[in-house]
Structure formats: structure tokens, C-alpha cells
Amino acid sequence: MRALLIRDIRLAMRAGGGFGLGLAFFLMVAVLVPLGVGPESALLSRIAPGILWVGALLACLLSLDRMFALDFEDGSLDLMAVSPLPLEGVAAMKALAHWLVTGLPLVVISPVLGLLLSLSPAGYVWLVASLALGSPALSLIGAFGAALTVGLKRGGLILSLIVLPMYVPTLVFGAEAVRRGAAGTDALVPLLFLAAISLGCAAILPFACGAAIRANLK
Amino acid sequence: MLTVQDLCVARGGVAVLEGLGFTLSPGKVLILRGPNGAGKTTLLRTLAGLQPALEGQVQADPETVTYSGHADGLKATLTVAENLAFWASVHGQTTIEPAIVAMNLLALRDRRAADVSAGQKRRLGLARLMVTGRKVWLMDEPTVSLDAASVALFGAMLRAHLGQGGAAIVATHIDLGLPEAEVLDLTPFRARQKRQGAFDEAFA
């Protein structure tokens, strides 16, 4: 399993691997929104939590369709299914690799982007905390969508349609935590809900992914 | 090592082969023959456990079987050695040197898989079988894009595997230079086209 994780991270880091894709997208959203909305900092700081969370969510979505599709096309997925690795473990490792390559960099860069959107100072801690707790759920839910659509050519469209509704609770609680944090009110409750969603996804979805891949390989 | 009884395999829900039965014992190789579309790939995928049998049974320990299909499962941006090392560690093996030597990949080991030829990729794909450490090799057209010298290398590797108590089922159209191999012609096992007469059945 560790070999798979290392391989996936290595593949992502090498040329054409897609590392930085989500990051660049997130950066673009945060740079372009102030230009589009105008320099009014009161307005910007009010919409900042929502924009940052939507940006992070869409940045995650961008690289999902590659998660299993590449391994399906070159036959690796067949060979992994025959190997001693359980497909549930394969899915969990793939989601973890996706999070390390896409989600974690978003968490790290988010304070800088908060600055661009003039997020109020009290919100930064909550922004980082909510993304750190919520982005694993984005990767796990995304892995499930990718596993369901793995056999399809150009499955990206249907993948987005499957995944987006499942992303809604994460987005709602994530943005709410930052909004409350920025406003100086109690933000712990949405943050706990976010953590619960991530933990629940981590407990259930790898098994669903394994079953979906097995069905799609037939 | 692998016993098949009264097996019926299906592709896309349509039965392609039926009534298959054979036993594979250690040191033996079984060559599958049959025209395109006869069901060789479907049979091998069923034996590997990648798809369920329509009827009948495959008796084999899944921990002993490995599969090599049309695609080699290689990553273009990893080097030859990295590709092999990945599959070795997935199977809990540590050494890749014998496989590299057996398929004559020594000169290519630090080359990216994207930069080697189709035949060299195939050699790498076949070397992967060795690093799995598994006994039963199920191979689908292993010699595609191999030159004569590489086919001979493959034959030698396969014979060494059989000598160590391994076994193999190979779907191929060419002569592998293994006179001891049993040949199974799949043509007689072709599934009879059952009348899918939903219309008739509805009124029967």
C-alpha cells in the first residue's frame, strides 16, 4: 500500500502529472474575483469565505477524473485487482495521494489567498482549520465518483454531476465555519460537523469505491 | 493448481464459451488457441477472477494467480526499474534483478518507460510476471510486438518458471517453442447461440 502511495505521489510530481493544477486554479479564482467584483474591501471580506471554499472545491474537482482513469487505461487497475492489494486499500491510498497532492497544498496556500480577498483577520485560523478538516472529504467523495465512472470514456462530465451534490454539505459547513470565525462568533459547531463528514467518508467510502471498481472491471 | 469444471464464460452478458473443463498441474503450460473473438481473453480474465463465471467453477487459490493482459500496466513517467520495483513491492517481493536480466532490460533500467519501444515495453510487462512471485501465470497474447530474439527470451523465462514448479496458461497464435505444451483449442467449446427469443418466450 505504501508503494502505491509513493508511486502516485511520484507520478503526480513528475512532468505532466497534474500537481499544481488545482493550486493554479485556486490561485486564479482568488486573483480574478477581486478584479471582477471591484476593490471594495467590505464586500470582498464578506464574500471571501464562500469564494475561498468554492474555489478549493472546484480545484479539487479538476483532477478527480484522472484518479482511476489513468490506471484503468494502462491496465494497472486490472493488475492491482489480481494482486494482493485489496481494492478498498487501493481506493483509500488513491484518495490519500489525491489529498496530499491537491488538498494539502490548498490548505497551505489558503491564508495568502485570504489576504487577496481581504478576509478579516479573525478568519484565518478558521479558514485553514476548515480546509484542513474538510478537504479530505472532498478527496474521498471524489474517489467514489471516480470509481463509479472509471470505465467511461470522457467520464468527467458525469463525474462532476455525481460528485457535486455530495460536495454540498462539506461546502456549507466549511464556508459557514469561516464566516462565523471571521465574524468573531462561535465557529466550532460547523467545524465539528466538517470533521464528522470527513471521518464518515473515510470510514465508508473506500469500501464503496472498492465495490464500484470491481463492478466496473467486469 | 488450477482446476476448471464445466465453466461457462460470458462477455457483455452473452455466453462465449461453455462446458470447459481442464486441470493445470505444476510444471505444465496450456496454450489456448482459437480465432479472434473465440473468448480467449474472456476466459483468462475469468480465471484471474476479474469477472465472474456465468456457470461452473474455477478452483484456484487467488494468491497464486497473476495475469498479464493486452496492457502492461506501465507508467510512462517512471523508469523501467521503478515500474518493476513498484509491482514487486505490491506483491511483497524485494528483488527485481533476476527479472531485469531474464528479459534483457539491463541497458534500459534507468530509461523512462515512455522512451522505450513497444517491444521493449512488452518485455518489461513480461518481466513484471517474474517479480510477482506467483505460481500461475495467465497470459494474453504475450508475444505481441516482440521480435524473434525476444520470443526466445520469453520462452526461456517461461521454461525456467515451469522448472521451478510454476504453471502457465497462454493465449497465443504463434509457436512459443515449447513442444511439451498442451494445446487447448477453444473452437469446440463455443457457446451455442441460445435463442434469446424474449418475444417467443413471452408468448410461450
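**Close-up views of pockets, a cavity and selected residues**

**Figure 1. The second largest pocket, with a volume of about 380 Å³.** This view, like those that follow, is drawn from a predicted model. Residues of both chains are found among those nearest the centre of this pocket: A:Ala81 and A:Val82 from one, and B:Ala48, B:Gly49 and B:Leu50 from the other. The lining counts 22 residues in total. In chain A, helix H5 (76-82) and helix H9 (188-217) each give at least two residues to the lining. In chain B, helix H1 (40-47) and strand S4 (55-60) each do likewise. Sorted by class, the lining residues are 14 nonpolar, three polar and five charged.

**Figure 2. The largest pocket, with a volume of about 540 Å³.** The lining of this pocket is made of 24 residues. Those that lie nearest the centre are A:Leu11, A:Ala12, A:Gly17, A:Arg66 and A:Leu70. Three helices of chain A each supply at least two lining residues: H1 (2-13), H4 (66-73) and H6 (87-116). The lining divides by class into 10 nonpolar, seven polar and seven charged residues.

**Figure 3. Helix H4 of chain A and its packing partners.** Helix H4, residues 66-73, is one of the helices of chain A that supply at least two residues to the lining of the largest pocket. Its buried residues are A:Met67, A:Phe68, A:Ala69 and A:Asp71. These buried residues pack against five helices of chain A, namely H1, H5, H6, H7 and H9. Just after the helix comes A:Gly75, with a positive phi of about 85°.

**Figure 4. The largest cavity, with a volume of about 40 Å³.** One cavity of 30 Å³ or more is counted in the model. Part of its lining is the run A:Gly18, A:Phe19, A:Gly20, A:Leu21, A:Gly22 and A:Leu23. The other lining residues are A:Val101, A:Thr102, A:Pro105 and A:Leu106. Helix H2 (21-37) and helix H6 of chain A each contribute at least two residues to this lining. The largest share, four residues, comes from H6 of chain A. No charged residue takes part in the lining, which has six nonpolar and four polar residues.

**Figure 5. Surroundings of A:Ala97 in helix H6 of chain A.** A:Ala97 counts as buried because its relative accessibility is 4%, where the limit for buried is under 20%. Neighbours within four places in sequence set aside, A:Ala97 is in contact with A:Leu5, A:Asp8 and A:Ile9. These three residues fall within the range of helix H1 (2-13) of chain A. A:Ser41 is 56 residues from A:Ala97 along the chain, and their C-alpha atoms are separated by 37 Å.

**Figure 6. Surroundings of A:Ser130 in helix H7 of chain A.** Helix H7 covers residues 123-148. A:Ser130 has a relative accessible area of 0% and is therefore buried. Apart from neighbours within four places in sequence, the contacts of A:Ser130 are with A:Trp53, A:Ser135, A:Gly174, A:Ala177, A:Val178, A:Leu191 and A:Leu194. A:Leu191 and A:Leu194 fall within the range of helix H9 (188-217) of chain A.

**Figure 7. Surroundings of B:Asp6 in strand S1 of chain B.** Strand S1 spans residues 2-11. B:Asp6 is exposed, with a relative accessible area of 53%. Beyond its neighbours within four places in sequence, B:Asp6 is in contact with B:Gly19, B:Leu20 and B:Gly21, and also with B:Glu55 and B:Gly56. The last two fall within the range of strand S4 (55-60) of chain B. B:Glu18 is 12 residues from B:Asp6 in sequence, with a C-alpha to C-alpha distance of 7.0 Å.

**Figure 8. Chain B, with six helices and eight strands.** Along the sequence these elements follow the pattern β-β-β-α-β-β-α-α-α-β-α-β-β-α. A compact globule of 204 residues would have a radius of gyration near 17 Å, and the 18 Å of chain B agrees with this. Taken along the principal axes, the C-alpha atoms fill a box of roughly 70 × 35 × 30 Å. Buried residues account for 51% of the 204 residues in the chain. Of the contacts with a separation of 6 or more, 71% join residues 24 or more positions apart. Chain B exposes about 9,300 Å², of which carbon and sulfur atoms supply 54%.

Definitions and conventions
Residues numbered from 1 in each chain as written. Chains lettered and ligands numbered in written order. Predicted model: local features only at pLDDT ≥ 70, side-chain atom pairs only at ≥ 80, totals over all residues. Heavy atoms only, no water. 1 Å grid on protein atoms, 1.4 Å probe; cavity = no way out; pocket = protein on both sides within 12 Å on 5 of 7 lines; lining within 4 Å. Points joined across faces, edges and corners; volume = space filled by probe spheres on them. Nonpolar A, V, L, I, M, F, W, Y, C, P; charged D, E, K, R; others polar. Rg over C-alpha atoms; globule rule 2.2 N^0.38 Å. Buried < 20%, exposed > 50% of the residue type's maximum accessible area, 1.4 Å probe, protein only. Contact = heavy atoms within 4.5 Å. Areas by Shrake-Rupley, 256 points an atom, 1.4 Å probe, with all protein chains shown as cover.
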